[in-house]
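This report describes the sheets, cores and domains of one protein chain. The sequence and the structure come first.

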Amino acid sequence: MAAQLAEITNSALGALELRRFPDQETYVRIASEMAGKSVELVCTLAHPDPQLPGLLFAAYTARELGATSVGLIAPYLAYMRQDKRFSDGESVSSRHFARLLSGAFDRVVTVDPHLHRIHDLDEVFSIKTKVVHAAPALADWITTHVENPLIIGPDSESAQWVSDVAGRIGAPHLVLSKIRHGDRNVEVTAPGLENRTGYQPVLVDDIASSGRTMIEAARHFETTGFPKPVCVVVHALFAGDAYEALKAVSSRVVSTNTVPHVSADISITSLIVS
Ligand SMILES: O=P(O)(O)OC[C@H]1O[C@H](OP(=O)(O)OP(=O)(O)O)[C@H](O)[C@@H]1O
């Protein structure tokens, strides 16, 4: 994506050397001229724990080498789901992660961050933020690939992008109801679904991690006279065998390229620079 962004914006593509020492510490070397440059580090944070030291060291190094400003383009921004102290003593890691990034960068650009109980990135970041929405790209893909779609969100939080996508296509939409009992244990209910047959269901969500949300939502179509759903996800994290398990209950699974994945057929690269 960094190469694509450099080409679209007619910018130079920098060279960053990143490797592990034998003890697993991170080695960083910037092999491009930084003096006087406005620098953007492109790093999708799908594996944030091993990625973070290198990312912070690269930002600090760019500044020490004379960059006038250092921005972060993180197509997927991690840790935004832990946005509340759900149990006593828990870290509100969205706030802490944002604080770490705010200390190293001058600005951050991301795609559809998980903003649920936080409504604006500025509530947790102290630097300039920009949010890019994938909805136009999702709507284009659905228009081209799905006939007679019914756009469905698996939980109340998805209502925002489901209604946006459906509105762009001129398709009906429906929002299901979800209760999360644990990391891999969610319960999805779909009241009234049997009254909406005659459409191709298209499940749309921001993140697939364990895949349980989409899988539990998809299962409702097995018994209600619909064809298997098409599943459209913005950020394809797909931990473990989540992708295979979701494919088994779907007619197709597709994601955007915010996270490199075999399902990433929807490009949002041009939206980042628009
Ligand atoms: O693939 P999974 O492991 O099911 O994770 C993906 C789900 O998690 C997020 O919502 P979450 O359940 O965190 O709910 P929230 O809206 O209350 O933050 C996200 O919006 C997806 O629906």
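Thr110 stands opposite Val131 in strand E6. Strand E5 (residues 107-111) and E6 pair in the parallel sense over five bridges; two strands count as paired if DSSP finds at least two bridges between them. Helices (H or I, at least four residues) and strands (E, at least two) are DSSP runs, numbered from the N terminus.

The model is predicted: local features need pLDDT of at least 70 and side-chain atom pairs count only at pLDDT 80 or more, while totals for chains, interfaces and linings use all residues. Residues are numbered from 1 along each chain as its sequence is written, and side-chain values use heavy atoms, with hydrogens and water left out.

**Domains**

The chain is divided into domain 1 (2-132) and domain 2 (135-267), with bounds from an automatic or database domain assignment. Their C-alpha centres lie 28 Å apart. Domain 1 contributes 11 residues to the contact and domain 2 contributes 14 residues, where contact means heavy atoms within 4.5 Å. An unreviewed UniProt entry annotates residues 2-102 as "domain: Ribose-phosphate pyrophosphokinase N-terminal"; such annotations may be inferred rather than shown by experiment, feature names are shortened, and positions are given in the numbering used here. That span is 34% helix and 21% strand, and its end C-alpha atoms lie 21 Å apart.

**Sheets**

The two open sheets described here are listed below.

| Strand order | Pairing | Edge strands | Average angle between neighbouring strands |
|---|---|---|---|
| E3-E4-E5-E6 | parallel | E3 and E6 (128-132) | 20° |
| E8-E7-E11-E12-E13-E14 | parallel | E8 (173-175) and E14 (264-266) | 35° |

Angles run from 0 to 180 degrees between N-to-C directions, with axes fitted as lines to C-alpha atoms, for helices over the stretch in contact. The 20° average ignores direction.

On the four-stranded sheet, helix H2 touches E3 and E4, and its direction makes about 155° with that of E4. In the six-stranded sheet, two bridges join strand E13 (residues 252-256) to E14; Thr256 has Ile266 of E14 as its bridge partner. Helix H4 (residues 135-145) lies across E7, E11, E12, E13 and E14, at about 155° to E12. Helix H6 (residues 212-219) lies across E11 and E12 and runs at about 165° to E11.

**Cores**

A nonpolar core is a set of buried Ala, Val, Leu, Ile, Met, Phe, Trp, Tyr and Cys residues joined through side-chain atoms within 4.5 Å. Buried means under 20% relative accessible area, exposed over 50%, and partly exposed in between (1.4 Å probe, protein chains only).

The largest nonpolar core has 35 residues, and Leu45, Leu77, Leu101, Phe105 and Phe125 have the most contacts inside it. Elements giving two or more residues include strand E2 (26-30), helix H2 (48-64) and helix H3 (93-104). H2 gives the most, with six residues. Leaving aside residues up to four places away in sequence, Phe105 touches Leu41, Leu55, Ala59, Arg63, Val70, Gly71, Leu72 and Ile127. A second, separate core of 29 residues includes Val132, Val146, Ile268 and Ile272.

**Helix H6 and the following loop**

Six of the eight residues of H6 are buried, so this helix is largely enclosed by the rest of the structure. Among them are Met214, Ile215 and Glu216. The buried residues of H6 pack against E9, E10, E11, E12 and helix H7 (242-248).

Thr224 is found in the loop between H6 and E12. Thr224 is buried, with a relative accessible area of 17%, and touches Leu193, Glu194 and Thr197, not counting residues up to four places away in sequence.
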